[in-house]
Amino acid sequence: VGGFCSGSKETEHFLEHDLQAMDSGRPMKIPEEKITDAKGRTRVLQTIKIPFTVSSTGVSAVLGVSTDITELKKSEETSKENEKKYKELADLLPQAVAEFDLQGNFTYGNLCGFTMFGYTQEEFDKKTVNFSQMFIPEDLQRLQGNIQRILAGEGGSDNNEYTAVRKDGAN
């Protein structure tokens, strides 16, 4: 691999990946790698290294195609920080707050909700609790219909009170 000068750690890092791609003979995806740009700023790249042979000389080479994902990574970090703040605030509320996916599986609950319904965080984390267990049958049907109307953009009903069921069966 002539023509490469050893130097910075970044150069050595890129050269290492180039050599790995050439040795394997297969494209190599690097989901995330940091570089320093010409202005000294740290950027995050997603790169694919594609090995090939120059037909006229038989020399192995690598085509590297990178996408700058710096702003995406910043946005993801901001989103994580906002979610953490949301959960911290929800834990302070004196009401139950819960989130469920479209299949009714629990995805989040605040501390008051666990206390009110008699479940533990671990029970919810194990995905053994479905919202269908948390409402009396006649209210569950009405609630599911209301959710379907909301998801279809039709708006919900005016009667949004439902009888919940604790883990021990109490209403």
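## Where to be careful

Start at the beginning of the chain: over residues 1-6, pLDDT stays under 50, and for this stretch the model has seven contacts beyond four places in sequence. Keep in mind that you're looking at a predicted model. Where pLDDT is low, the predicted coordinates should not be read in detail.

The overall picture is as follows. The protein chain has an average pLDDT of 87, and 96% of the residues score at least 70. Go through the chain and you'll find confidence highest in helix 2 (residues 70-92), with a mean of 95, and lowest in helix 4, with a mean of 81.

## The largest pocket

Now for some empty space. Rolling a probe the size of a water molecule over the atoms shows where empty space is left. Here, the largest pocket has a volume of about 530 Å³. It is lined by 28 residues, and the closest to its centre are Phe 100, Phe 131, Phe 135, Leu 143 and Ile 147.

Which elements give two or more residues to this lining? They are strand 4 (98-100), strand 5 (106-109), helix 3 (111-117) and helix 5 (137-151). Helix 5 gives the most, with five residues. Sort the lining by class and you get 18 nonpolar, eight polar and two charged residues.

## Rings that meet

How many aromatic pairs does a search of the whole structure find? It finds six. Take Phe 100 and Phe 131: their ring centres are 5.4 Å apart and their planes sit at 70°, so this pair is edge-to-face, since planes over 60 degrees apart count that way. The two partners come from distant parts of the chain, with Phe 100 in strand 4 and Phe 131 in the loop between helix 4 (121-125) and helix 5, 31 residues apart.

Are these two rings buried or exposed? Phe 131 has 12% relative accessibility, so it counts as buried, because the cut-off for buried is under 20%. Phe 100 is partly exposed, with a relative accessible area of 24%. Ring pairs also build a cluster out of Phe 100, Phe 106, Phe 114, Phe 131, Phe 135 and Tyr 162.

## Met 134, in the loop

Stay in the loop between helix 4 and helix 5, and you'll come across Met 134. Its relative accessibility is 4%, so Met 134 counts as buried. What does Met 134 touch, leaving aside its neighbours within four places in sequence? Its contacts are Phe 100, Phe 117, Tyr 119, Phe 124, Val 129, Thr 163, Ala 164 and Val 165. Phe 100 is a name you've met already, as one of the residues in the ring cluster.

Distance along the chain and distance in space are two separate things to check. Met 134 and Gln 121 are 13 residues apart in sequence and 15 Å apart in space, C-alpha to C-alpha.

## Three more residues to find

Try Gln 141 in helix 5. Gln 141 has a relative accessible area of 60%, so it is exposed, because exposed means over 50%. From Gln 141 to Asn 159 you count 18 residues in sequence and 13 Å in space, C-alpha to C-alpha.

Next, look in helix 2 for Thr 78. Thr 78 counts as partly exposed, at 41% relative accessibility. Thr 78 and Gln 95 are 17 residues apart in sequence, and their C-alpha atoms are 27 Å apart in space.

Last up is Leu 63, which is in strand 3 (residues 60-68). Leu 63 is partly exposed too, with a relative accessible area of 43%. If you skip residues up to four places away in sequence, Leu 63 touches Ile 48, Lys 49, Ile 50 and Phe 52. Finally, pick out Arg 166: Leu 63 and Arg 166 are 103 residues apart in sequence and 60 Å apart in space, C-alpha to C-alpha.

Notes:
Residues numbered from 1 in each chain as written. Predicted model: local features only at pLDDT ≥ 70, side-chain atom pairs only at ≥ 80, totals over all residues. Heavy atoms only, no water. 1 Å grid on protein atoms, 1.4 Å probe; cavity = no way out; pocket = protein on both sides within 12 Å on 5 of 7 lines; lining within 4 Å. Points joined across faces, edges and corners; volume = space filled by probe spheres on them. Helix = DSSP H or I, 4+ residues; strand = E, 2+ residues; numbered from the N terminus. Nonpolar A, V, L, I, M, F, W, Y, C, P; charged D, E, K, R; others polar. Phe/Tyr/Trp six-rings, centres within 6.5 Å; stacked < 30°, edge-to-face > 60°. Buried < 20%, exposed > 50% of the residue type's maximum accessible area, 1.4 Å probe, protein only. pLDDT = per-residue confidence, 0-100. Contact = heavy atoms within 4.5 Å.
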